[in-house]
Amino acid sequence: MKAIIKRKANQLHQQVVEWRRHIHANPELSFEEYETSQYIASILTALGIDYTDGWAKTGIVAVIKGKKPKKKVVALRADIDALPIQEKNRVPYKSKNKGVMHACGHDVHTANMLGAAAILHGLRDKFEGTVKIIFQPGEEKLPGGASLMIKEGVLDNPKPDLIMALHVHPPLEVGKVGFRPGVYMASADELYVSIKGKGGHAAVPQNCIDPILISSHLITALQQVVSRRANPNIPSVLSFGKINSIGGATNIIPNEVKLEGTFRTFDEAWRKQAHKIMKSTAETLAASMGGSCEFTIAKGYPFLLNNESLTEQMHQEAKTYLGDEQAVSLPIRMTAEDFAFYSHQIPACFFRLGTGNKKRRITSHVHTDTFNIDEEALLHSIGLTSWLTIQALKS
Ligand code: NI
């Protein structure tokens, strides 16, 4: 089977590169992936693969039935949206859409999944069970396309026994993949804080309530949530990335200060408790200094849990397919990913695809305007995705 898949992957590689380049050149923002969706549908139609569309508007679900289709169902997910970034790469397939770029590799994920679909469809009389392929919109934007597709029933009829997805990873050299069983990526919540005081002449502070001073205390005080309230065994991050006064000058105390930040961690109970502590600390502290505080939390994605036994099994299978040295172990990350929603519903495995190539100077990180991949990665990924799916169906 390994040899058959490798041969098919070799035959398909150039075609998959062309699909990837087309998607890369025509990126669309989260929940606006109309042309991308049509493009995916046209390829599935040409391949003769059944699908339903209109999921969360632009999502597509393809189904490939093997022998005994009810025996086991394996779901695969590819996200299809791009980012609001102006591409700086000088390549023939550079983004044609101004200010929009596939800078997180979702073009690669989509093309990879089409390639794997072609291989699996061709092998459907050689495996038992069903493969359910989810082309999902809006990974980059709250509330996340995953949460919407789950609400619309993507994990029902047929219900997958497990789900897998891969993500490009520039720090990992092309040819390699990385796995991490257990908790892998953080939950991420957005914090919007408004601190209100009373503005006036900076030379007469006794007549004012200074929201700048309250904010300074607040930013420091909130760090105790991470350093003193969090269990040191549960990684947590609290960062403020934006601080703005509404008005104010060297000699003017403003009325209001706004802060924006992010809170990330790996435990749902602690996440809930931390929200309460942050809110009450902020409100009490502002009140103690004569001001007031509105602390708003936009709940983002939950933490991503890689099912231990499934992920360990897939790591071993990746070694079998790519070679022992090529499948490495990865540390946890504080970034977030909406695949986490699936991972709280059914056993999940989210792994990383090496796409970097230091010799060819392909090293830019995701979410940068010079991000790109070594397209050799697609040769490995379409074969590996097919191999892992067939192994997961077997066990
Ligand atoms: Ni991404």
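Visitor: What makes W270 and H275 count among the buried residues of α6?

Guide: Buried means under 20% relative accessible area, and in this predicted model the residues of α6 that meet that mark are W270, R271, A274, H275, I277, M278, T281, A282 and A286. What covers them includes β8 (187–196), α5 (211–229), β10 (237–246), β12 (256–265) and β13 (292–298).

Visitor: How do you know that the span of helix α6 is close to what is expected?

Guide: The expected span is 1.5 Å times one less than the number of residues. Helix α6 (residues 268–288) has 21 residues, for which 30 Å is expected, and it reaches 30 Å from its first C-alpha to its last.

Visitor: On to the metal. What makes C104, H106 and H167 donors of the nickel ion?

Guide: The cut-off for donor atoms here is 2.8 Å from the metal, and C104 (SG), H106 (NE2) and H167 (NE2) sit at 2.2 to 2.3 Å, so they qualify. Their spacing in sequence is C-x1-H-x60-H. H106 belongs to helix α3 (residues 106–122) and H167 to strand β5 (residues 162–173), so this pair ties together parts 61 residues apart in sequence. Both H106 and H167 are buried.

Visitor: Why is the space lined by L76 and M113 called a cavity?

Guide: Because a 1.4 Å probe fits there but cannot get out. About 40 Å³ of space lies in this largest cavity, and the whole structure has one cavity of 30 Å³ or more. Elements giving two or more residues to its lining are β5 and α9 (376–394).

Visitor: What makes the lining mostly nonpolar or mostly polar?

Guide: The count: seven nonpolar residues, two polar and no charged.

Methods:
Residues numbered from 1 in each chain as written. Predicted model: local features only at pLDDT ≥ 70, side-chain atom pairs only at ≥ 80, totals over all residues. Heavy atoms only, no water. Donors = N, O, S within 2.8 Å, 3.2 Å for Na, K, Ca; no water. Helix = DSSP H or I, 4+ residues; strand = E, 2+ residues; numbered from the N terminus. Buried < 20%, exposed > 50% of the residue type's maximum accessible area, 1.4 Å probe, protein only. 1 Å grid on protein atoms, 1.4 Å probe; cavity = no way out; pocket = protein on both sides within 12 Å on 5 of 7 lines; lining within 4 Å. Points joined across faces, edges and corners; volume = space filled by probe spheres on them. Nonpolar A, V, L, I, M, F, W, Y, C, P; charged D, E, K, R; others polar. Contact = heavy atoms within 4.5 Å.
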